[in-house]
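Work through the following exercises with the sequence and the model at hand. Each task sentence is followed by a solution that goes step by step.

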Amino acid sequence: MSTVEAGPTGNGYVGQAIRRKEDPPLITGKGRYTDDIVLPGQLWAAIIRSPEAHARIVSIDKSAAEARDDVRIVLTGEDMTDLQAPLPMAWVPPGVEIKTPEHWPLARGKVCHVGDAVAVVVADDKYAAVDAAEDVIVEYDPLPAVVDVEEAMKDGSPLVHEQFGTNITHEWGLGSEDVEEALAAADVVVERRVVNHRTAGAAIEPRAVAADYRAGQLTLYTATQIPHLVRLQLAGCLGIAEEHFRVVAPDVGGGFGSKLNVYGEECLMAYLSRRLETPVRWTATRSEDMQAAVHGRDQVDYARMGMKRDGTIVALHAKLIADLGAYQQLLTPFIPSFGAFVMSGCYKIPSVRTDIVGVFTNKFPTDAIRGAGRPEATHLIEVMVDQAAAELGLDPVEVRRKNFIPKEDFPADVAPGVTYDSGDYHGSLDRLLGTLDYEGFRAEQARAREEGRYLGIGFSTYMEICGLAPSRAVGPSGVGIQAGFWESAVVRVHPSGGATVWTGTSPHGQGHDTGFAQIVADRIGSTPEQVEVIHGDTDRGPFGMGTYGSRSLAVGGESVARAALKVADKAKKIAAHLLEAAPDDIELRDGRYQVKGSPDKGLTLADISLAAYVPENIPDGMEPGLDETNFYDPENFVFPFGAHAAIVEVDAETGKVDLKRYVCVDDCGPAINPMLIDGQVHGGIVHGVAQAMYEQVVYDDTGQLVTGTFVDYALPTAAEMPTFETDRTETPSPVNSMGVKGVGEAGTIAASPTIVNAVTDALRPLGVNHIDMPVTPLRVWQAIEAAQGRGSGPRASEQGVPEGGAQ
């Protein structure tokens with residue numbers, strides 16, 4: 001039975017809030033995650049990890065572990081020298097050398113961060129493996145560690161990799177060459193140091209891998225966002241042909257970018273299974289995941305914004321110092337650069353430049369975490385707009401309005417060198433203010449201040465680049481990522497009229513099974529219930545590029561739509577032949593392929609598919625079957641946008657921030673399923689608010705991970721969040737046939753500056769004009785104490801504000 005009232009028409013499902021088809025098994029405990037998969041004869045692996053942040057490996061004594069009856073093998077890095085290649089790093093920007101040390105699944109000779117894997121034990125069961133791992137004795141010779149990214153850049157700093165003679169991995173820039181001249185000509189230059197601290201993906205499902213090598217065929221089950229890319233990359237590491245290598249991503253319990261990678265544990269389990277010729281599996285503990293799954297953000301940014309006194313932005317320069325950690329994961333050095341493409345934000349800024357310095361430290365590598373470079377850029381821009389408005393004594397909302405790219409300017413070329421597809425930034429802000437009652441809040445704020453209460457409001461009018469992307473722009477001859485960024489789909493209608501869709505994107509909570517079924521049902525004359533969507537298996541369906549960068553709908557969904565239209569086109573030709581009409585006279589209406597103007601002359605999809613598979617009466621020269629494939633490489637990115645606002649109250653005595661209201665208007669083009677949009681926006685906002693107020697990965701001065709569990713790493717719950725007031729505008733993109741844009745990262749990109757700007761607005765009467773994330777009670781209290789001349793909190797310059805303010 002349909003979950004909407006449209007009935008079995010095959011038309012009109014797109015745009016409806018259909019409940020997610022994939023949810024019933026997931027919420028009733030019937031999902032199938034990697035850890036649920038039981039393989040015959042499986043063995044368990046436990047990994048011995050370094051407790052030292054930086055040390056030479058003097059010796060590894062594995063004899064006691066090997067002597068145990070239930071242990072099958074114990075390996076170190078020196079036992080795996082037959083691997084064909086180290087773990088991959090996929091960014092090779094033209095004209096820029098990136099220092100990339102060899103990174104093996106097990107360390108060889110030296111460890112570079114706490115949690116670096118040094119040995120592995122394989123035993124008959126999970127607990128035996130863990131017990132045996134404790135019998136492996138590793139002797140280390142500790143070396144000095146460096147964890148502060150700016151200290152790591154200095155001469156004389158401990159070197160993470162001595163062979164390079166420096167911790168600076170690379171320098172890369174994008175944008176206007178005349179930015180210094182533009183800044184010099186500005187009336188006012190506002191300078192700030194903005195810290196975007198390290199966070200974890202913290203998916204509800206830790207990473208897990210199960211490898212099964214049998215009769216020359218390797219199957220790898222892994223909690224990943226990119227099964228096809230895992231197969232491609234690991235085939236090179238292992239020296240195995242892709243046709244003998246299958247990767248399966250079953251149900252994946254959240255990814256947020258932390259599963260957009262090729263990890264040492266995936267290579268290690270595959271290697272062990274092939275060596276032992278039996279299945280081998282590993283599931284991370286929460287502490288392992290915090291230690292050894294990629295972290296995100298971790299930048300120190302120096303921004304200079306040139307302004308006219310009337311609030312016009314004339315120039316922006318951003319120097320980003322990116323803490324990359326100890327190694328280069330798949331896209332580690334590229335992630336900060338991704339933000340450079342949107343450093344103009346929503347604004348018409350004549351001169352914009354971003355310069356990036358990548359730096360090694362003795363921490364786990366950073367890489368993509370929800371938003372991947374764009375939250376960092378947006379945080380910088382939106383905080384700077386508020387800071388500049390305050391310096392000039394202007395309203396932050398009016399400064400935004402004054403600088404927006406007008407609707408009529410789209411498609412709009414911007415200073416970083418990209419072309420925004422479509423936008424109506426004034427429209428989304430106007431809609432937000434209509435809900436918010438901005439003037440009413442300012443009056444309430446003034447009254448509260450008289451009572452000794454500190455309310456604040458913050459805004460973020462964001463835009464983002466997503467829908468990765470044109471291969472010619474991002475691939476080897478463009479930005480330099482060593483891959484194409486197209487997407488694939490197959491739509492097959494069966495003889496009975498049901499349909500199966502294979503997509504190269506691989507979901508981990510986005511709702512592909514429902515949204516893609518709606519797209520296909522409308523285009524072929526079916527219902528979403530009759531459309532099955534299959535993903536995450538390299539042996540089923542064509543090669544695909546995976547899910548990240550809010551590309552699933554704008555690239556993967558567009559590929560699905562195009563394959564479905566090919567099916568519909570063939571169905572119309574068969575219908576025309578059977579109905580003795582011209583193909584151009586056939587229309588799909590109410591679930592029937594009928595002759596225009598003659599609704600009594602029509603056929604269902606089942607009628608047509610049966611004719612296609614029993615091809616006694618199909619057009620001459622037509623192949624049997626109803627099965628089409630599409631590979632889609634977009635002409636441009638897509639650029640979603642929106643306006644977010646938060647109202648907070650700060651307790652000046654304790655520093656506690658109370659998030660009282662959160663209002664947002666997002667624009668991701670026409671909705672395929674509004675319920676899916678709401679889910680993505682809600683989750684994204686929580687992710688961004690969490691970074692702004694709670695979450696922080698912390699290493700101490702010796703490189704020890706302080707936040708290795710959820711006792712130490714603060715994640716918010718529903719109890720800490722207000723009810724989100726969400727709304728949408730719809731500005732179609734000209735890039736794809738559906739006009740759609742991405743939304744999975746929108747809330748995360750917008751939320752952190754919204755919160756920080758609100759807290760700063762609340763604290764200004766107390767002398768605090770800038771504060772970095774996370775705005776924890778301690779940090780806020782320290783800032784108040786310092787501003788009031790009490791205590792030993794950070795001075796203004798330590799909060800990122802030059803002692804003299806604006807120049």
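**Exercise 1. Which residues point one way from strand S26, and which the other way?**

Phe641, Ala643, Ala645, Ile647 and Glu649 point one way from S26, whereas Gly642, His644, Ala646, Val648 and Val650 point the other way, and all of them are buried, where buried means under 20% relative accessible area, exposed over 50% and partly exposed in between, with a 1.4 Å probe and protein chains only. Strand S26 covers residues 641-650, and 10 of its 10 residues are buried; strands (E, at least two residues) and helices (H or I, at least four) are DSSP runs numbered from the N terminus. The model is predicted, local features need pLDDT of at least 70, side-chain atom pairs count only at pLDDT 80 or more, and totals for chains, interfaces and linings use all residues. Residues are numbered from 1 along each chain as its sequence is written, and side-chain values use heavy atoms, with hydrogens and water left out.

**Exercise 2. Identify the strands that S26 pairs with, and the sense of each pairing.**

Begin with strand S18 (residues 454-463), which runs antiparallel to S26 and is joined to it by 10 bridges; two strands pair if DSSP finds at least two bridges between them. Within this pairing, glycine 458 has alanine 646 of S26 as its bridge partner. Next take strand S27 (residues 657-667), which is likewise antiparallel to S26 and joined to it by 10 bridges, with valine 648 opposite leucine 659. Finally, follow the chain between them: S26 and S27 form a hairpin with six residues in between, and glycine 655 in the turn has a positive phi of about 85°.

**Exercise 3. Which residues of the largest nonpolar core touch the most other members, and why does this core lie between two domains?**

A nonpolar core is a set of buried Ala, Val, Leu, Ile, Met, Phe, Trp, Tyr and Cys residues joined through side-chain atoms within 4.5 Å. The largest one has 117 residues, of which Leu238 and Tyr420 touch the most other members. Helix H10 (residues 374-392) gives the most to this core, with eight residues. The core lies between domain 2 (34-143 + 206-252 + 259-292) and domain 3 (369-468 + 640-794) because both give residues to it, the bounds coming from an automatic or database domain assignment.

**Exercise 4. What is the strand order of the open sheet of five strands?**

The order is S7-S15-S14-S13-S8, with mixed pairing. Strand S7 (168-175) and strand S8 (188-200) are the edge strands, each pairing on one side only. Inside the sheet, strand S14 (residues 313-325) and strand S15 (residues 351-360) pair in the parallel sense over 10 bridges.
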